[in-house]
Structure formats: structure tokens, C-alpha cells
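Work through the exercises below with the sequence and the model side by side. Each task is followed by its solution in steps.

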Amino acid sequence: MNELTLTLLRLGYLVLLWVFVLSAVAVLRRDLSGPRAPATPRRRPRPDGPGPAPAGMPAPAAGPARPAQRTGPHRLVVVAGPLTGTTIPLTSSAILIGRAPSCTLVLDDDYSSSRHARIFPQGGQWYVEDLGSTNGTFIGEQPIHGVVPLAPGVGVQIGQSVVELQG
């Protein structure tokens, strides 16, 4: 090989080494900074409520507050494990549980998968679904497969944590 080819190969290896080092530093920096907090969603005005008052006009007086007529569970509570006492209010959307920062309930647990399970409402009933986790999702001692109805007060074991729906 001539000297120019050898020099170009050395330079190429040096560039490749620096790309590897910088990408490793970027991954370490991202991992050490911890999970990012999810962005808070903007509140949209309710379609059945009054819109904002036009400029220069006083806002209309609100009527008497009506108590919410909710039945069934109102929150998901971690009853055992490292996050014992953590509470998540139940809404009409699904709760994703796992190690990934994008999950609703993030578990720092070696026995849970990135996207381990989800708990979701459908037709007035709550359900739990294992999302193909490595170690499984359990109700009591029984592993669940597919979608299973979930009653309030029943513990769902995900890794080392146990969660349950409460009123």
C-alpha cells in the first residue's frame, strides 16, 4: 500500500473512533440525566360549556357546581413494592405501566419490562392486559394472558410492585 492510502485509513479509523466515543458520551449523559417529565397537556375548553367572553364583556356567572356522578374506582394505587403509596387518578384513558419513561406509571424494577402492562376502561369496566412482558403479569398467583377484567381491590403484580384499583 502506498503512504497516502495508509494515511487515509488511519484518518478514517480516527474519525470512526471519535464518532463512537461521542455517541457513547451522549448515551451516558442521557441515561444519567434521568427520565424526562412528560409535557403537561394543554386544557381545551369543554365543547358543552360556554366559550370565553368577548373582549370588554364580563364573563357570565357560573351556575351552582354539580357533584360528579362517578361510580366505580377513582384511582390506581401502588400497594406493594418500591413505589408504595403512589396514586394515579383514573380517567377515560389507559394507564401504561413499565420501565420506559413514556409510561404513565414508571417502575424502576429489574423484573418489569419497558412496556409491561396496561390498565384501561371499556364499557364501564376496567381491564388489565399483559403487553408481552418477560416475567408476566399476575392477579394473585395466576398469570394473565390477554385482556382480563379487573375489579376494584384486586391486586395486580407487575414485577416487584402490586397495584390495585380503589374507590
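**Exercise 1.** Decide whether E129 is buried or exposed, and describe the salt bridge in which its side chain takes part.

*Solution.* The model is predicted, and side-chain atom pairs are counted only at pLDDT 80 or more.
- Step 1. The relative accessibility of E129 is 18%. The cut-off for buried is under 20%, so E129 counts as buried.
- Step 2. The side chain of E129 meets that of R118 in a salt bridge, with an N to O distance of 2.7 Å.
- Step 3. E129 belongs to strand β6 (residues 125–130) and R118 to strand β5 (residues 117–122), so the salt bridge ties together parts 11 residues apart in sequence.
- Step 4. R118 has a relative accessible area of 28% and is therefore partly exposed.
- Step 5. Searching the whole structure gives 1 salt bridge.

**Exercise 2.** Place T137 in its strand and describe its surroundings.

*Solution.*
- Step 1. T137 is part of strand β7, which covers residues 137–139.
- Step 2. The relative accessible area of T137 is 0%, so this residue is buried.
- Step 3. Leaving aside residues up to four places away in sequence, T137 touches H116, A117, D130, Q142, P143, I144, V156, Q157 and I158.
- Step 4. With one of these, H116, there is a polar contact between side chains at 3.2 Å.

**Exercise 3.** Find the strand order of the sheet that contains β7, and state which strands stand at its edges.

*Solution.*
- Step 1. The open sheet is formed by 6 strands in the order β2-β1-β11-β10-β7-β8, with antiparallel pairing.
- Step 2. β2 (87–89) and β8 (142–143) stand at the edges; each has a single partner strand, so one side of each has no neighbour in the sheet.
- Step 3. β7 pairs with strand β10 (residues 156–158) in the antiparallel sense over 3 bridges.
- Step 4. One bridge can be located by residue: I139 has V156 in β10 as its partner.

**Exercise 4.** Summarise the protein as a whole: its elements, its buried share and its surface.

*Solution.*
- Step 1. The protein has 1 helix and 11 strands. Read from the N terminus, the order is α-β-β-β-β-β-β-β-β-β-β-β.
- Step 2. Of the 167 residues, 22% are buried.
- Step 3. The accessible surface is about 12500 Å², and carbon and sulfur atoms account for 59% of this area.
- Step 4. Among contacts with a separation of 6 or more, 37% are between residues 24 or more positions apart.

Note on methods: Residues are numbered from 1 along each chain as its sequence is written. This is a predicted model: local features need pLDDT of at least 70, side-chain atom pairs count only at pLDDT 80 or more; totals for chains, interfaces and linings use all residues. Side-chain values use heavy atoms; hydrogens and water are left out. Helices (H or I, at least four residues) and strands (E, at least two) are DSSP runs, numbered from the N terminus. Buried means under 20% relative accessible area, exposed over 50%, partly exposed in between (1.4 Å probe, protein chains only). A polar contact is a pair of N or O atoms within 3.5 Å; within protein, one must be able to donate a hydrogen and the other to accept it, and residues adjacent in sequence count only if both atoms are side-chain atoms. Contact means heavy atoms within 4.5 Å. Accessible areas come from the Shrake-Rupley method with a 1.4 Å probe; for residues, only the protein chains shown count as cover. A salt bridge is a side-chain nitrogen of Lys or Arg within 4 Å of a carboxyl oxygen of Asp or Glu. Two strands pair if DSSP finds at least two bridges between them.
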